[in-house]
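Welcome! Please open the structure below and turn it around for a moment before reading on.

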Amino acid sequence: MKELRTEKTRADIAQAILRLEGNTYSLVNYPMFEGIFNTPADRIVMRSGRQVSKTITESANIILDTSLNPYYPVIYANSSSKQTQAFSSSKLDPFLIQSPVIYKSCMKAAHVINNVYSKRLKNFSEIHLSYFSESADRVRGTTGNSIYLDEVQDMLYDAIIDAEQCLSAARYPKFTYAGTSKSMLSALEYFWLQSSQNEWIIPCEGCNKWNRPYMDIIGKHGIICKKCGKSLNTYKGRWYSFSEEDEPEIDGFWVPQIIMPMHCQVPSKWAQLLSNLEKYPEHKFLNEVMGLPIGEGSQTITEAMLRGMCNENLPMYQKRCPENSRNAMHVAAGIDWGGGTSASRTVLSIYAVYPEKPKFVKIFGKIYDAGEPSKHVEDIAYWVRRFRVIMAFGDHGGGNFAMSQLRSMIPDIRVVPVMYTEQNRPYRWDDAAARYTVNRTIMIDSFLMDIKQNIVEAVRWEDFAEFAVDFLNVFEEIIGEKSGIPRRVWRKYPEKPDDSLHSMVFGWFACRVLSGMLDFTAASPSTSI
Ligand SMILES: [Zn+2]
């Protein structure tokens, strides 16, 4: 195998050692995948249509990583458990078991493990399989040299950044992102826009025009030249970068169905594609066939809704006083800790709590844009004391260290971590870890419902406006269509902050706990009122 590695490309090696269903794994009808196998880039994004064999390409790459390198851990995550299980049993296992070279050299030893979520080869390389969309807590703590993320359009950008920490100890970390774009605002599209943006361009053998793979080359019997109408030979195509950056950080490949020989060279498949063009809604054709994004997700939170929450007679005071907390039974705080991405900041929100009304009024807030994180914790401890807060809830995800630091500074105040998860129940108290785990979608939904029902109030708009910006960076999206269990989630544009929203959600949750109001509805705020 050493010999193979020095003389041949990665695509050659894949074809030499992998077999599927009794046949050699061949790229003859997948010429575009050679470039993807052979890229020297350590970050790759594959933005593709459905049914273009992107998943089998990922599987082949994982097998190469682990079979050619001993002690090499790989992490694979899809956006749902169902799809991860399917990948493990119908994409990885066939390569491992049906390729004689791999089977003999990697799978026959007492210490070999072949489970759905975990595989260990004879050479002690490992494949850890997991899934996430809202929070990377299931993957956190796993160590890897390369990470493969599939159905990235259904993953929250911050969770991806969190998951990438699993590679922080790797000498040569490798990242592969794959998926089928839906909206322009997904993490997949964000990676794509930073990438080399390679398109499979095909020369016309009639007029020599190079054609890009857009809708205007879809002909009656296959792909045709945009200029002269002559049919195009996709085998003559090549990757061409349309990035305006000199050295993009990611090598990106756009793989629409129409360039794949299995679609454009097979009459029955092409007829199917044309029929889909007729019967699919435009967005579905663009997403699933062309692998292109469309639309920007629906924005539920509007400036009008936020202005409606603000009490114009209530300025933001720098201390607790009768004007901002007369007759309040408690004062509670919420903190979202910055970190993870460059856009993320630490934000503090303080509420006056009136359980009997019920009403929760955000009377103070602070955004920590720059400076030393430990100084932020000190400052938060100062404000929490000054406002005589009795309970502070903070995000557990990136801020565990900050939470314990804060707790040691204010030991007499209840400081409780809250962790966003994908669990079914709205909230759960985890006694062993002394924290709440909450369903992210349900919590944000319920918080917004409380705003709409005037249970949540805030200081006047003039003082609230700097926090409002973050609310406008989030939107609703439907994910998981492919796994058959579609659900609605909250997403934000990558690299735009949403911390003010979450600090208010955590503080509001503390208000609810103090008021004994632990019934949370899962209704969408966009449809309920
Ligand atoms: Zn032409």
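This report looks at one strand and its partners, then a pair of helices, and finally the nonpolar cores. Keep in mind that the model is predicted.

**A strand and its partners**

Let's begin with strand 20, which covers residues 435-439. Four of its five residues are buried, so the strand is mostly covered. Which strands pair with strand 20? The table shows both partners.

| Partner of strand 20 | Sense | Bridges | Residue opposite Tyr436 |
|---|---|---|---|
| Strand 18 (residues 414-421) | parallel | four | Val418 |
| Strand 19 (residues 427-430) | antiparallel | four | Trp429 |

Tyr436 in strand 20 therefore makes a good landmark: Val418 stands opposite Tyr436, and Trp429 does too. Strand 19 and strand 20 also form a hairpin, with four residues between them. In the turn you can find Ala434, which has a positive phi of about 50°.

**Two helices that cross**

Now find helix 14 (residues 373-386) and helix 15 (residues 400-409), whose axes come within 10 Å and cross at roughly 40°. The two helices are therefore oblique to each other, and their crossing is right-handed. Where they meet, helix 14 contributes residues including Val377 and Ile380, while helix 15 contributes Leu406 and Met409, among others.

**The nonpolar cores**

How many residues does the largest nonpolar core have? It has 69, and Tyr76, Leu149 and Ala163 have the most contacts inside it. Leaving aside residues up to four places away in sequence, Ala163 touches Ala77, Phe132, Ala136, Val139 and Ile147. Apart from this core lies another, of 58 residues, and Val418 is among them.

Methods: Residues are numbered from 1 along each chain as its sequence is written. This is a predicted model: local features need pLDDT of at least 70, side-chain atom pairs count only at pLDDT 80 or more; totals for chains, interfaces and linings use all residues. A residue is buried if 20 or more other C-beta atoms lie within 10 Å of its own, exposed if 12 or fewer, and partly exposed in between; C-beta atoms are placed from the backbone. Two strands pair if DSSP finds at least two bridges between them. A nonpolar core is a set of buried Ala, Val, Leu, Ile, Met, Phe, Trp, Tyr and Cys residues joined through C-beta atoms within 7 Å. Two residues are in contact if their C-beta atoms, placed from the backbone, lie within 7 Å. Axes are lines fitted to C-alpha atoms, for helices over the stretch in contact, and angles run from 0 to 180 degrees between N-to-C directions. Angles under 35 degrees count as roughly parallel, over 145 as roughly antiparallel, 65 to 115 as roughly perpendicular and the rest as oblique. A crossing is left-handed if the near helix is turned anticlockwise from the far one by less than a right angle, and right-handed if clockwise.
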